[in-house]
Amino acid sequence: MSVAALPDLDALERALHAGIAEAADESALEAIRVAALGKKGSVSELLKSLGGMSPEERKSAGPAINGLRDRLNAALVARRGALKAAALAVRLETERVDVTLPVRETPAELGRLHPISQVIDELTAIFADMGFSVAEGPDIEDDFHNFTALNFPPGHPAREMHDTFYLPTRDDGSRMVLRTHTSPVQVRTMMSKKPPIRVICPGRTYRSDSDQTHTPMFHQVEGLVIDKGSNLGHLKWILEEFCKAFFEVDNVKMRFRPSFFPFTEPSMEVDIQCDRSRPGEIRFGEGSDWLEILGCGMVHPNVLRNCGLDPDEYQGFAWGMGIDRIAMLKYGMPDLRAFFEADVRWLSHYGFRPLDFPTLAGGLSA
Amino acid sequence: MKFTLSWLREHLSGAYTLDDVTDALNRIGLEVEGVEDKAAKLRGFTIAYVVSAVQHPNADKLRLCMVDTGAGEPVQVVCGAPNARTGLKSVFSPPGTYIPGKNITLGIGTIRGVESRGMLCSAAEMELSEDHDGIIELPDDAPVGVPYVDWIGLNDPVIEIAVTPNRADCLGIHGIARDLAAAGVGTLVDDAIVPVPGAYPCPVSVTIAPDAPCPAFALRLIRGVTNGPSPDWLQAKLRAIGLRPINALVDVTNLLTFDQNRPLHVFDAKKVQGDLVVRRAREGESLLALDGKTYALDPSICVISDDRAVESLAGVMGGEESGCDETTTDVLVESALWEPINIAATGRKLGLNSDARFRFERGIDPAFTVPGLELATKLILDLCGGEPSEVVLAGAIPDTTRVIDFPLALTEKLTGLVASDAEQVETLGKLGFTVEGTSGTVRVTPPSWRGDIEGKADLVEEVIRIVGLDRVPSTPFPRDETARKPVLTTLQLRTRKAKRALAARGLVEAVTWSFVSKPQAERFGGGSAALALANPIASDLSDMRPSLLPGLIRSGQANTDRGLGDVALFEVGQVFKGDRPQDQFMAASGIRRALARPAGAGRHWAAKAAPVDAFDAKADALAILAASGAPVANLQISTDAPAWFHPGRSGTFRLGANVIGHFGELHPSVLEALDADGPVVGFEVLLDRVPEPKVKATRVKPLLELSAFQPVERDFAFVVPRSVAAGDIVKAAAGVDRKLITAVNVFDVYEGPGVDADAKSVALSVALQPREKTLTDAEIEAVAAKIVAEVSKKTGATLRG
């Protein structure tokens, strides 16, 4: 074959480029590639013909044909890319959604913990940090644990301070009660554990009383420390620390007033400083008002004795307060009765999100 | 306990203010509940003179009065009182005055066409008595223009304190004064009581029956008394603290009840037949008491009787028959001691509260029994005249003297408060204690009126409450030195985790009553007699709950009734299977109602709205069990949930014989009985029944094994009878090779065309994880064949064609 036998390379290239540019989709483009660069393609045939040429012919025809092939390949790649991008653009356009449609709210944003549960977790965080553990006991108690061991002699008028719920009288004449306070848990703790003792006892308590500010069921938390030297001064410090931590204020003044409980001697009631000048809001740690929040005292020697502890060897203190009440004070809930009405509007408003776990590190009400 | 400042001043001399008193009372444990200053409220009411009173031109029953108020020209007042007349001195209130008895503020009015500039007032309108009979009539020398309260001596604050049950001595004003004096407010006025000699032997004798709860009973006759209304000062005193004056004899007993904490009783001697006997009542006896009610008596109750009948409920209330009235000329005065527990029991049994009961059940000063009678005698003689007999005393005044060894160092040991020996001894002395010794351990004798003082801890309280609790130093309380250990028990941790796990699934925590109605308790496996309250507060709160579900279902319905029907509630709390401590369990339960699905409540554009189903409840229960550390993979599910669940749409979680909980749709007839609309699904898990986790020696987690070889997944569709449980198919497949098969998942359940009418198709995907080498096709096929063989052997399944 002679050089003169070579077809017009320029014309061929022009025709191929025109075809590539016109290819409407990837299959048309592929047809052009096969026609030019396939086994029997026009350009492939030209490349094959190089083998039959003389060295001189090859010297000029080789670069021309190879050049043609390379430009053709590049054009094919470019066109393929362009076609792909265009096809994707069309597809994406058809896949459009209305992103303003609302999604489901996360269940964890809808669920709530009752304020009582949250406040018990707060109390636990504060007192655990001071080395207290949590003790619990039965709601249905016997007379010994609820009254007698706590130095309420049978028939004593102090028993009448508690409007007690009774279960039916048994054959032996005894009758169980619904615990009127969480103090029987203190008795159970002292009877089962050797001092030193540091516990808090949160739980349900019952009194047959129902009006604007009383419900037949409510919640108390009590604390108990028994060892050989803890005194009222320590109790004062613990309660101050507790009030600061719980109400999340830097400082709070407290007022201790002598009082009476059968199970402590000396006994006291504690008021904390507050400001009630703003309607519907109480602020702690400021102002000149006092609000009673708890009762406390040194554990009565008779109670220690009743629990098998020698009052000349051991001493300690106890305190108690209403969980519902301190929850109301801290979070500004106006009505105790609503705590037990299970109204989801109330629970959603005053309740706590499950991920808001009170910690001292992150803040109790974070 | 109420008293007036002026009454206190009779027992407490010196210069002090109302604030000094109230501050000190709070400081020493006599909590001030309120201070009422009537003067402040009634300052606008002044004494006035009716210059003229003439008939109202347009009304028969009204009068037109010109009233001299002491301030300028007389003013015209229209008055409807029948006793409004010319020349009367009365009480006037000008326009703008608040009238407490009518709860109005006076304006200038026109009454039947005539202007009225103020009002002439009755005692009731000032809330000074219930006397509505007419306007107040004052003597001619009453000074016009002066505030009425100043003139009548009502400008006297009334202080109300809460007296704790241990401080019976402060139920008398004298005792309050003693405490105040010890605390540095004023000086106690403690005049000796001079006995009044008897002119003749008491003609009435007293016998105390051997089983009567009465240690001592003192009595004397005063004959020739003139009874009638007591003088104004005494009436005013009693009224100021809310008591109603009756007559002089009765008023004297009330006065001493509050003045000295010494309740007394007066019998009209002419109505008493024969001698008095203190004894237990007999079955069938009754008494018409002074409150006008008749009380049925029994032998638990102590009475005073004469030859005729029971005349008085000992220490609680006297009888109407022998009571004193204006005609009484001879009076028997009783001053007795009663056993506190018996008085308390009697009062409770009869539902009778009285000032005497309140004091006797707290314990009064035994040593004051006879002095109290002497004091009463003196007052009666002063007010009513008469001639007293000698005192007869039946029984004996008990000697309550006891000595307490008191180490003075105990005060600091128990309280941290540092008070010198001298200060402690002096403080006790001021309170009436006798102290022998001045340092170290002293010997202390409490006074007779302090029956509450038992031991040295009581003495510490006496010292610190008087010297001041503000002296107790706040002392840091360090943690003990032990390592920080978790403070919560497994059950406590589970309780709080269960709550947060459920809230994170969109349920809202309720706290419902621990008691439900009897029918509700019975529906949920409870209702036993042992768990029914003897004194429920309401009939629907009568029985201890056997389950949390009835309370939650009712709460769900209450929310539905408020228009919020897609409600998901939970509670974690105690349930009761019996009355022993071990019969109480910590349950976690929840309900979902209507469209309250786990993915979100209500309808949503992205999914077809479908009501809650048993699997929602199952998922909730499993979430708690997982959070509680239960071995969830080993749980068995049986279809024998309790009767309150839908029999075909419920299940029970077990670990062997241990039943841990139930879930499912609530039974329609149970919902109907609870007056609740379905669909409602629910679950209950007993957290105590979840096994304790094994204690591990280390916190290190087991080594992670990662396989280098590709996992393989194979799908199977089995056709089984509809009665076959999918769980059994999964179990059979998983059991073929527990090492190789890492997961079996049910991805389709189909019933309908293409499958026999009584059959269903259950499609599984089984994941295989080779550990040593890549599986060959032949090996995979071998496992697949084993799975098919095993499933069909265990369940009768055939591979779907």
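Visitor: Over how many bridges do strand 42 and strand 43 of chain B pair?

Guide: This is a predicted model, where local features need pLDDT (the predictor's confidence in each residue, from 0 to 100) of at least 70, side-chain atom pairs count only at pLDDT 80 or more, and totals for chains, interfaces and linings use all residues. Residues are numbered from 1 along each chain as its sequence is written, while chains are lettered from A and ligands numbered from 1 in the order in which they are written. Strands (E, at least two residues) and helices (H or I, at least four) are DSSP runs numbered from the N terminus, and two strands pair if DSSP finds at least two bridges between them. Strand 42 and strand 43 of chain B are antiparallel, and the count is eight bridges.

Visitor: Which residue in strand 43 of chain B is the bridge partner of B:I741?

Guide: Residue 741 begins strand 42 of chain B, an edge strand that pairs on one side only. In strand 43 of chain B, the partner of B:I741 is B:L768.

Visitor: What is the strand order of this open sheet in chain B?

Guide: The sheet has four strands with antiparallel pairing. Its edge strands are strand 42 and strand 44 of chain B. The order is therefore written with these two at the ends: 42-43-41-44.

Visitor: Which two residues touch the most other members of the largest nonpolar core?

Guide: A nonpolar core is a set of buried Ala, Val, Leu, Ile, Met, Phe, Trp, Tyr and Cys residues joined through C-beta atoms within 7 Å; buried means that 20 or more other C-beta atoms, placed from the backbone, lie within 10 Å of a residue's own. The largest such core has 238 residues, and the two are B:C214 and B:L569.

Definitions and conventions: Buried ≥ 20, exposed ≤ 12 C-beta atoms within 10 Å, placed from the backbone.
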